[in-house]
Amino acid sequence: MAGALLATTAMATAGAAWAETTITAVMHSGLRVLDPVITTAHITRNHAYMIYDVLVAVDGDFKPQPQMADWTVSDDGLTYTFTLRDGLKFHDGAPVTMADAEASLKRWAKRDAGGQLIMDVTESLTATDDKTLVWKLTKPFGPLLDTIGKQSALPPFIMPARIAATPSDTAITEHIGSGPFKFVVDEFQPGVSVTYVKNEDYLPRSEPADNMAGGKVVNVDKVVWTTMPDVQTSMNALLAGEIDYIEALQVDLLPLLDGDPDVVYEKREPMGYQTIGRMNFKYPPFNDIKVRQAAQMALSQEAVLATLVGNPDYYEVCGAIFGCGTPLADATGSETLTSGGDIEGAKKLLAESSYDGTPLVLMAPTDVVTLAAQPVVAAQALRNAGFNVDMQPMDWQTLVTRRASQNPPAEGGWNLFFTNWLVPEISSPLVSPMLNGRGDKAWFGWPDDPVVEELKAAFVDAGSLEEQQAIAKKIQAHTLEQVLYIPLGQYINPQARRSNIVDMLPSPVPVFWNIKKEG
């Protein structure tokens, strides 16, 4: 009897020692689209950081640092030589080689605005052996490392060459990286739940974690993202200890968390997000500049932000397309947006335009708290100005799939949608996806605008910050004149976690390495 009791106790102790450490997180959206090249959706980017790695990453000062590879640059600035660090393997056991990096970078560059600019001056991009990648340029491109090391929009994640051979407008069907977590295919429920397990073969860098750079040390066994579209439900689950983390909270509900020592809420990123509207340039009515200008004139940042956020401590009226508080900030051309809109002026412009009353297809996500207000506020303002608005509700993942469609609005396409960007994602013309004027090769909306492309090329060649700022001011004025997109102000998005979730990196992108779960 005593022997049986000792055996039972030993088994229980062993079970406790081997118990999995799991973090259960409610992210801002459910995950359906898994390919980080065909979409700029933040949830897909977050997924990609779990399973993929990058050659270059930025630290807390947004300076490029070696991640998968070190590099040297020739004295003339025309040749970059990258050397892969040892011990890197994909999740299927295959070694990572520079042939994988070459294929991944080329696929990425077909879709990314900065990547397209680099390829304009690329003579060759070649893996000369398994450890070496040589990038030769026809003219210097000063921000090359900043561009391939950027943390968001479309970072160049490295995947196996056979997967990266997939055309850039076609979704990949295998999801194998070399990053710190593995994607559990059998447990994936699109839009509902996704599971990641620690990659035991991952070799972190030796440097401390710093933003997206440094050692990606995984201290938990599993991370589960579960979808809870209702914020109140997710907050109740957090208070009850049923989940560990919420990525996006409604500001007006924060007082519900006050006074609970087991819950912490905080601002993730000090500069926050810019919320924006994007039109479809391919079809009427927004192929007419006067219609675009009328729509922009009808909108008010204050009306959008007050409805979206509520508490002015968490938002800022800001007419700068590169974000307020950034080196390139300028508010040229944003007067109506920042002063409450001009409905009468919008009516006049609309009357002078080609608009014939055809309904605008406005896609409105219903399951993301930070995207629910913009379509409602905008639809009313547009109707007040004389637009016929067909606001079509859908979940966010349906929207990010549908916005890639170039079909006419009446055949499954669209005219207008709203989204949000981290300010670092739009703080330069080389990283902002909306400032791409390459028509069908541009970001969703597809403006054909050679002027903005010429201005970006001049920005690359600028020899000083002052020259860059002068060009950025021209881009600001041109963007709002042509209405390449509508900046609708900045806001801070608070997150919440159980107090036993510690050492979470204060990076703009939520990552799950370095983090620990105590107790």
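**Exercise 1. Classify the residues that line the largest cavity, then place the cavity in the fold of this predicted model.**

Solution.
Step 1. Sort the lining by class. The largest cavity has eight nonpolar, seven polar and three charged lining residues.
Step 2. Find the volume. The largest cavity encloses about 190 Å³. The structure holds six cavities of 30 Å³ or more.
Step 3. List the residues at the centre. The lining has 18 residues, and His-28, His-42, Tyr-273, Thr-370 and Asn-420 are the closest to the cavity centre.
Step 4. Assign secondary structure. Helix H2 (42-51) and strand E17 (416-422) each give two or more residues to this lining. E17 has the largest share, with three residues.

**Exercise 2. Describe the largest pocket by volume, lining and contributing helices.**

Solution.
Step 1. Start with the space. The largest pocket holds about 740 Å³.
Step 2. Turn to its walls. They comprise 24 residues, with Phe-62, Asp-146, Pro-424, Ser-427 and Ser-428 nearest the centre.
Step 3. Name the helices. At least two lining residues come from each of H5 (144-149), H14 (423-426), H15 (450-461) and H16 (465-482). H14 gives the most, with three residues.
Step 4. Sort by class. The count is 13 nonpolar, seven polar and four charged.

**Exercise 3. Do the same for the second largest pocket: what is its volume, and which residues and helices line it?**

Solution.
Step 1. The volume is about 450 Å³.
Step 2. There are 20 lining residues. Nearest the centre lie Arg-111, Ser-168, Asp-169, Asp-440 and Lys-441.
Step 3. Helices H4 (113-120) and H13 (396-402) each supply at least two lining residues. H4 gives the most, with three.
Step 4. By class, the lining has eight nonpolar, five polar and seven charged residues.

**Exercise 4. H15 and H16 both contribute to the largest pocket. Work out how these two helices pack.**

Solution.
Step 1. Recall what is needed. A packed helix pair is described by the angle between the axes and the distance between them.
Step 2. Read off both values. The axes of H15 and H16 come within 9 Å and cross at roughly 165°.
Step 3. Classify the angle. The cut-off for roughly antiparallel is over 145 degrees, so H15 is roughly antiparallel to H16.
Step 4. Add the hand. The crossing of H15 and H16 is left-handed.
Step 5. Identify the contact. H15 uses Val-451, Val-452, Leu-455, Lys-456, Ala-458 and Phe-459. H16 uses Gln-468, Ile-471, Lys-474, Ile-475 and His-478.
Step 6. Sort the contact of H15 with H16. Seven residues are nonpolar, two are polar and two are charged.

**Exercise 5. Is H11 oblique or roughly antiparallel to H12, and which residues make their contact?**

Solution.
Step 1. Take the geometry. H11 (residues 343-352) and H12 (residues 373-385) pack at about 60°, and their axes are 8 Å apart.
Step 2. Apply the cut-offs. Roughly parallel needs an angle under 35 degrees, and roughly perpendicular runs from 65 to 115. The angle of about 60° fits neither range, so H11 is oblique to H12.
Step 3. Locate the contact. On H11, the residues are Ile-343, Ala-346, Lys-347 and Leu-350. They meet Ala-381, Asn-384 and Ala-385 of H12.
Step 4. Sort by class. The contact of H11 with H12 has five nonpolar residues, one polar and one charged.

Methods:
Residues are numbered from 1 along each chain as its sequence is written. This is a predicted model: local features need pLDDT of at least 70, side-chain atom pairs count only at pLDDT 80 or more; totals for chains, interfaces and linings use all residues. Side-chain values use heavy atoms; hydrogens and water are left out. On a 1 Å grid over the protein atoms alone, a cavity is a set of points where a 1.4 Å probe fits but cannot get out, and a pocket is an open set with protein on both sides within 12 Å along at least five of seven lines; lining residues have an atom within 4 Å of a point. Grid points are joined across faces, edges and corners, and a volume is the space filled by probe spheres set on the points. Helices (H or I, at least four residues) and strands (E, at least two) are DSSP runs, numbered from the N terminus. Ala, Val, Leu, Ile, Met, Phe, Trp, Tyr, Cys and Pro count as nonpolar, Asp, Glu, Lys and Arg as charged, and the others, Gly among them, as polar. Axes are lines fitted to C-alpha atoms, for helices over the stretch in contact, and angles run from 0 to 180 degrees between N-to-C directions. A crossing is left-handed if the near helix is turned anticlockwise from the far one by less than a right angle, and right-handed if clockwise. Contact means heavy atoms within 4.5 Å.
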